[in-house]
Each structure stands twice: as C-alpha cells, then as structure tokens.
Amino acid sequence: LTGRAVRPRLANSSINRLSDNDAPVHEWYRFVLSFPPHLVRDYVEKFALSPAHRLLDPFCGTGTTLVEAKKLGIPSVGIEANPVAAFASRVKVNWNVDPDGLRQHAVKVARCAARKLRHDGLSDEPLPLFRAAHRPAVELRTLPSELMDLLLDHSISPLPLHKTLTLLDCLRKNGDERFLPHELLAFAKSTVAHASNLHFGPEVGVGKPKPDVPVVSAWLREILSVAEQLADLPRRSATPAAVLLEDARDLLRVIKPHSIDAVITSPPYPNEKDYTRTTRLESVLLGFITAKKQLQDLKKTLVRSNTRGVYKNDDDDQWIVGHPKIQAIAEAIEKKRLAMGKNSGFERLYHRVTKLYFGGMARHLAELREALRPGAKLAYVVGDQASYLQIMIRTGELLGEIAESLGYELVSIDLFRQRLSTATRQFLNEEVVVLRWPG
Ligand SMILES: C[S@@+](CC[C@H](N)C(=O)[O-])C[C@H]1O[C@@H](n2cnc3c(N)ncnc32)[C@H](O)[C@@H]1O
C-alpha cells in the first residue's frame, strides 16, 4: 500500500452534500448517499484522463460518474442492472433537448392534469383544513392489487396516489418522445420526494402519512428546473456516454475487449441495502417492475449485498473459496449467530451473503480484466460494514486482496470518509481502492 489517508477527514454531512455548483443534472434524480461528483473529478485528475480515454462505471446507479465525465468531456459507459437506475442515468446524459420546447410541453401536461383533477372534483393544492371534507366526484384511482403488493405498505396515501396516476396519464397521453424521458424522470423524483410517504435515513422507510399534497405543481417545478439547467448545457455535446442495462459480472456481453482505460465506481457494499426496495415506488409506477417474479429475476442480476436477495442456487461464493480472511469472517458471523441464538431466516443468511458478496465482486473483477487496456486505472469506492452481528468487515482491504489475487496491482487504499459505529465503537471507513491493470 502506498497510503491510506489522502483526504482530510470531513464530517459526513458536509462531504456528502451536493454543492450548488454540482447540482445541475446530478440532482435530477439521485440515490441518497451516492458518492459526490468531486470524488469523480479527483480520480479523473489523478488518472490523468482526457477525451481520448474511455471511462467505465460498471455499477453506475444514477449516473454520478457518467454525468461528471460528460461535464469534463470524457467519453464514458455505464452498466447498471436495476432498470429504473439505468433509465435515470440514460436521461441524465441526454442533454440534446430543446429547453423551450420542454418547458412548453411540461406546462401543457400540467394543465391537462389540473383539468382532469378539477373534473374529478379535486384540486392539486390541498384544501384548507376547515374544508377538509373534500369529496371527489369519482372513485379515486389506484393501482391493481398485484402492483400494490409490490410496494412498501403505505408508500403513498390514496389522494396523492390518485393525483400521481392522473399526472402519469397526462404524461403518457401527451407523450412526445423528445421530452417524455426527462418528464418521466422528473416524475420519478417528485413522486418520491413530494407525493410519497417515503423517507430515506439513508435506508428507505415509510414516514408520517401525507393525506394530501400538491403533486402536479411539485412535478412542474422539477421539470422546469431540468429545462433551466438544460439551457446552460452544451446541447450537442460531442462527448459520448452510453448506459447499458446489464449485470456487471457478465459485462463482456456488452463491453468490447481492451476498450476501457479507467473505472470509477461505487459498487454495492455488504450492508443489507436492497436497491430494488429503495427504488420500488417509481419502478412500479413507471412500469419497470410489473410482477413479483420479474422483481426476483432482477434481484438475481445484482451482486448479493443483502439477505432479501439471496437464492438457493447462488454460487458466487465459489470465487472466494481460496480466500481465508473472507472464510474466517463468514465463520465468525455464523458462530456468533449460533452463540446468540439468533434464528430468523435472514440472520441465518448473514454468513452466506458475506461470501456471496465478495464472490460476486471477484467474479466482476475477473470478467472485467478482458475489457481493460493494459495500464488501465481503477477506483472502487467501498465502505466497511459491521451490519452482520457487529462482525467488522473491512470491505476495501478485502476487495484489494481479491483484486491482487486476480492479477491487478493494488496502488493504494485512500480514505474518503469515516463514521463511528455506535455498536462496535470502531471507525467504519469509506475508502477508495485504487488498482492498476498491468495487462
Ligand atoms: C452504490 S450504488 C451506485 C451509486 C452510483 N455511484 C450513483 O451515482 O448513483 C450501486 C449500484 O450497483 C447496482 N448493481 C448491483 N449489482 C449490480 C450488478 N451485478 N451489475 C450492475 N449493477 C449492479 C445497484 O443497482 C446500484 O445502483
């Protein structure tokens, strides 16, 4: 290792906030606790990337790396297995939209929705309390029960859901392919942020129900802000950015051999986070998930990082059978579970998901080798975890060792941020594992 701490330790709150300068595009739709754009800039600079290079983010999520690469004029490609996140990234790198046309079209859609609501005896603005006996002239719209069953219970209250579905109807009826993707992304953002009862802390949860909220005006504000930002972006940017819906463990299906010069990414961590749950409401409303089986199939394309997504035939653990430290951690987790008499279905899976996680990452790193040009530089942002019965998992260190065993050079493990685990009284590091592919 050449060093662990290259960056001053800043409080999480200050290092994690999107600065005003970074807001354009990044804020169109974003995961809570996504890595910040400045981290991408730091490694673009460190890796001396130029427009002649091609940058890959194999776990691109909502596209922070790709958006930042495009802002910097560096060609990029993203891989993402969750369709709604892939959609968000794709929209965020499409700046070829006429902002005035988008504005006019959005106003037309908002008018359509307001008219429909009036027709239903409703208004977008909630009525004052004293007039709260608000009686719609129609039965409120809702989703079919098989779709409702996919949502977290009480994700959205009945009246906001009616307004949301009315707006979606107007979006689709007035659908103009030049504007629809951006309008739908703004819909995803405003539904989650304003219309729903969801909150993120950072895990998704259901908060106090909102019986009524403005839905159409909240959406209109979001999309007008997108239009305003588009007006300041190069409309015909020559910098390509592609987003591919694929499993990063099978990336050679979509990435040509020896075509990648650098990787900057934040893969999942073994932290019980279920990205399909975080994005469930918008995935269902936008039609990306329509049935339980489809949800299960989607989860199977993700690196195992939580016990809700472990399946009988999973076998990524075979990739780390020769890694004694990971085996030892998994054994320690299982031993502690037995000692504590913890017997729930998910607790029994803790040791297994740990092995499947590192096995999945090993499989990804093994597959990636063929896609890289000799000398390629890689940055993996990962966090330590103690989620499984407080057994410490030093993710960065273990990932670095796996990478070395696959022929990568471990250049450094840079500390990015730290938090104190209240349970273990130990620091949990978020680190950037920097690798080089010798070819
Ligand atoms: C930590 S998030 C990435 C956040 C991202 N940096 C951003 O800007 O939003 C990890 C992402 O990896 C995705 N993912 C998990 N397993 C995957 C796999 N096997 N292939 C591709 N993407 C995967 C998840 O859906 C999630 O979006």
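**Burial, contacts and the ligand shell**

Modeller: Start with helix 5, where Pro83, Val84, Ala85, Ala86, Phe87, Ala88, Ser89, Val91 and Lys92 are buried. This is a predicted model, in which local features need pLDDT of at least 70 and side-chain atom pairs pLDDT 80 or more, while totals for chains, interfaces and linings use all residues. Residues are numbered from 1 along each chain as its sequence is written, and side-chain values use heavy atoms, without hydrogens and water.

Colleague: Why is helix 5 called largely enclosed?

Modeller: Helix 5 covers residues 83-92, and 9 of its 10 residues are buried, so the rest of the structure largely encloses it. Buried means under 20% relative accessible area, exposed over 50%, and partly exposed in between, with a 1.4 Å probe and protein chains only. Helices are DSSP runs of H or I with at least four residues, strands are E runs of at least two, and both are numbered from the N terminus.

Colleague: Which residues of helix 3 count as buried?

Modeller: In helix 3, residues 37-46, the buried ones are Pro37, His38, Leu39, Val40, Tyr43 and Val44. Alanine 48 follows helix 3 and has a positive phi, near 50 degrees.

Colleague: Why is histidine 364 called buried?

Modeller: Its relative accessibility is 0%, so histidine 364 falls under the buried limit. Histidine 364 sits in helix 15, residues 345-368. Neighbours within four places in sequence aside, histidine 364 contacts Pro58, Phe59, Ala248, Arg249, Leu251 and Tyr380. Contact here means heavy atoms within 4.5 Å.

Colleague: What makes a set of residues a nonpolar core?

Modeller: The members are buried Ala, Val, Leu, Ile, Met, Phe, Trp, Tyr and Cys residues, joined through side-chain atoms within 4.5 Å. The largest such core has 64 residues, and Leu365, Leu368, Tyr380 and Tyr408 have the most contacts inside it. Helix 15 gives the largest share of this core, 10 residues. Take leucine 368: beyond four places in sequence, leucine 368 is in contact with Leu56, Leu251, Val263, Leu378, Tyr380 and Tyr408. A second, separate core has 63 residues, including Val84, Leu165, Leu295 and Leu298. In soluble globular proteins, nonpolar side chains tend to be buried together.

Colleague: Which residues are closest to the ligand?

Modeller: Thr62, Thr64, Glu80, Asp247 and Ala248 are the closest of the 24 residues that surround the ligand. A residue qualifies as near if one of its heavy atoms lies within 4 Å. The shell divides into 12 nonpolar, 8 polar and 4 charged residues. In that count Ala, Val, Leu, Ile, Met, Phe, Trp, Tyr, Cys and Pro are nonpolar, Asp, Glu, Lys and Arg are charged, and the others, Gly among them, are polar.

Colleague: What lies 2.4 Å from an oxygen atom of the ligand?

Modeller: A polar side-chain atom of threonine 64 does. A polar contact needs a pair of N or O atoms within 3.5 Å, so this pair meets the distance limit. Serine 266 has a polar side-chain atom 3.0 Å from a nitrogen atom of the ligand. For valine 303, a polar backbone atom lies 3.0 Å from a ligand nitrogen. Alone, the ligand exposes 600 Å², and the protein buries 97% of that. These areas come from the Shrake-Rupley method with a 1.4 Å probe.

Colleague: Why is alanine 137 called exposed?

Modeller: Its relative accessibility is 59%, so alanine 137 passes the exposed limit. Alanine 137 lies in the loop between helix 6 (99-119) and helix 7 (145-148). Not counting residues up to four places away, alanine 137 touches His119, Asp120 and Gly121.

Colleague: Why does alanine 423 count as partly exposed?

Modeller: At 46%, alanine 423 falls between the two limits, so partly exposed is the label. Its place is the loop between strand 8 (409-420) and strand 9 (427-437).

Colleague: What is notable about phi of histidine 154?

Modeller: Phi is near 60 degrees, a positive value in a residue other than glycine. Most residues other than glycine have a negative phi. Histidine 154 is exposed, with a relative accessible area of 64%. Histidine 258 also has a positive phi, about 50 degrees, but its relative accessible area of 45% makes histidine 258 partly exposed.

Colleague: Why is alanine 188 called buried?

Modeller: At 1% relative accessibility, alanine 188 is under the limit, so it counts as buried. Alanine 188 is found in helix 9, residues 180-195. Beyond four places in sequence, alanine 188 touches Tyr29, Glu282 and Leu286.

Terms used: A polar contact is a pair of N or O atoms within 3.5 Å; within protein, one must be able to donate a hydrogen and the other to accept it, and residues adjacent in sequence count only if both atoms are side-chain atoms.
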